[in-house]
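Student: I have a model open and want to learn how to read its features. Can we go through them one by one?
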Amino acid sequence: MSLLPIPRGVYPSVTDISPRILAEKGVRLVLADLDNTLVPYKVSQPPPAVAAWKEELARCGIQLFLLSNSRKPGRARQFAEQLGIPYQGHSGKPKKAGYLRAMERMGVTPAQTVMVGDQIFTDTLGANNAGVAPLLVEPIRLAGNPGRYIRYAVETPFRLLGKRRPFV
Ligand SMILES: [Mg+2]
């Protein structure tokens, strides 16, 4: 764990993160962000590739868990139910409390957990705060909101540093 929110690798998408290698590293729980990590903003159907990844995680003994900050009523719940995974909305990332609550619920330690998300100052920073390895994915779609491009630009130095220290 580092003091700065530098991710442990940057991956094109969640499905590029190998469940087998995660399992070899003792991971039992993958906390995942929703928007721009598992699906684009506004999409609430789990894509087939994400469903297949979740199944492969399960075969490797790893539980996928939706850790969302979404304030839209029911969005996290609906997505998680369709994918068949546990979830927690209003998680308050980057505060560590939501991460700790999720790990306690699933009966695992920070060392057995990774966080997968697309944003440095929520997903990565929060994972750091909770002692969980932060894995960064490229945002699925930046279009639609100018603020996302600005944030992406600000995140760039952290992304470049993270590329040098992959977890898997
Ligand atoms: Mg996100």
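Student: Is asparagine 36 buried or exposed?

Tutor: Buried means under 20% relative accessible area. Asparagine 36 is buried, because its relative accessible area is 0%. Bear in mind that this is a predicted model.

Student: Where is asparagine 36 placed?

Tutor: Asparagine 36 is in the loop between β2 and α2. Now look at the backbone. Most residues other than glycine have a negative phi. Asparagine 36 has a positive phi of about 70°, although it is not a glycine.

Student: Which value does phi of lysine 42 take?

Tutor: Phi of lysine 42 is near 80°, again a positive value in a residue other than glycine. Lysine 42 also has its place in the loop between β2 and α2. Its side of the story differs in accessibility: lysine 42 is exposed, with a relative accessible area of 78%, whereas asparagine 36 is buried at 0%.

Student: What about the peptide bond itself?

Tutor: The general idea first: most peptide bonds are trans. Here, a cis peptide bond joins lysine 93 and proline 94. Omega is about 15° there. Proline 94 sits in the loop between β4 (87–88) and α4 (97–106).

Student: Next, the metal. Which residues are the protein donors of the magnesium ion?

Tutor: To read a metal site, list the donor atoms, then their spacing in sequence. The protein donors of the magnesium ion are Asp33 (OD), Asp35 (O) and Asp118 (OD). They lie 2.1 to 2.2 Å from the ion. Note the atom labels: Asp35 is listed with O, while Asp33 and Asp118 are listed with OD. In sequence, the donor residues are spaced D-x1-D-x82-D.

Student: Which parts of the chain does the pair of aspartate 33 and aspartate 118 link?

Tutor: Distant parts: the two residues are 85 residues apart. Aspartate 33 is in the loop between β2 (29–32) and α2 (48–59). Aspartate 118 is in the loop between β5 (113–117) and α5 (120–130).

Student: Are aspartate 33 and aspartate 118 buried or exposed?

Tutor: Aspartate 33 is buried, with a relative accessible area of 8%. Aspartate 118 is buried too, at 1%.

Student: How do I read the surroundings of a buried residue?

Tutor: Check accessibility, then contacts that skip the sequence neighbours. Take leucine 34, in the loop between β2 and α2. Leucine 34 is buried, with a relative accessible area of 0%. Beyond four places in sequence, leucine 34 touches Val39, Leu66, Ser68, Arg75, Ala76 and Phe79. A C-alpha distance is another kind of reading. The C-alpha atoms of leucine 34 and histidine 90 are separated by 12 Å, with their positions 56 residues apart along the chain counted as the separation.

Student: What does alanine 32 touch?

Tutor: Start with its place: alanine 32 is found in strand β2. Alanine 32 is buried, at a relative accessible area of 0%. Not counting residues up to four places away, alanine 32 touches Leu38, Leu64, Phe65, Leu66, Leu67, Met115 and Val116. Its C-alpha atom and that of serine 68 are separated by 7.7 Å, and the two residues are 36 residues apart along the chain.

Student: Where is threonine 113 found, and which backbone oxygen lies 2.8 Å from its side chain?

Tutor: Threonine 113 is found in strand β5. A polar atom of its side chain lies 2.8 Å from the backbone oxygen of threonine 109. Threonine 113 counts as buried, at 1% relative accessibility. Leaving aside neighbours within four places, its contacts are Leu29, Leu31, Met103, Val108, Val132 and Ala133.

Student: Last, the empty spaces. What volume does the largest pocket have?

Tutor: For each space, read the volume, then the lining. The largest pocket has a volume of about 290 Å³. Of the 13 residues that line it, the closest to its centre are Asp35, Tyr41, Asn69, Ser70 and Gln119. By class, the lining has 1 nonpolar, 5 polar and 7 charged residues.

Student: How many cavities of 30 Å³ or more does the structure hold?

Tutor: The structure holds 1. The largest cavity has a volume of about 30 Å³. Its lining includes Asp118, Gln119, Arg148 and Tyr152. The lining residues divide into 3 nonpolar, 1 polar and 4 charged.

Definitions and conventions: Residues numbered from 1 in each chain as written. Heavy atoms only, no water. Donors = N, O, S within 2.8 Å, 3.2 Å for Na, K, Ca; no water. Helix = DSSP H or I, 4+ residues; strand = E, 2+ residues; numbered from the N terminus. Buried < 20%, exposed > 50% of the residue type's maximum accessible area, 1.4 Å probe, protein only. Polar contact = N/O pair within 3.5 Å; in protein donor to acceptor, adjacent residues only side chain to side chain. Contact = heavy atoms within 4.5 Å. 1 Å grid on protein atoms, 1.4 Å probe; cavity = no way out; pocket = protein on both sides within 12 Å on 5 of 7 lines; lining within 4 Å. Points joined across faces, edges and corners; volume = space filled by probe spheres on them. Nonpolar A, V, L, I, M, F, W, Y, C, P; charged D, E, K, R; others polar.
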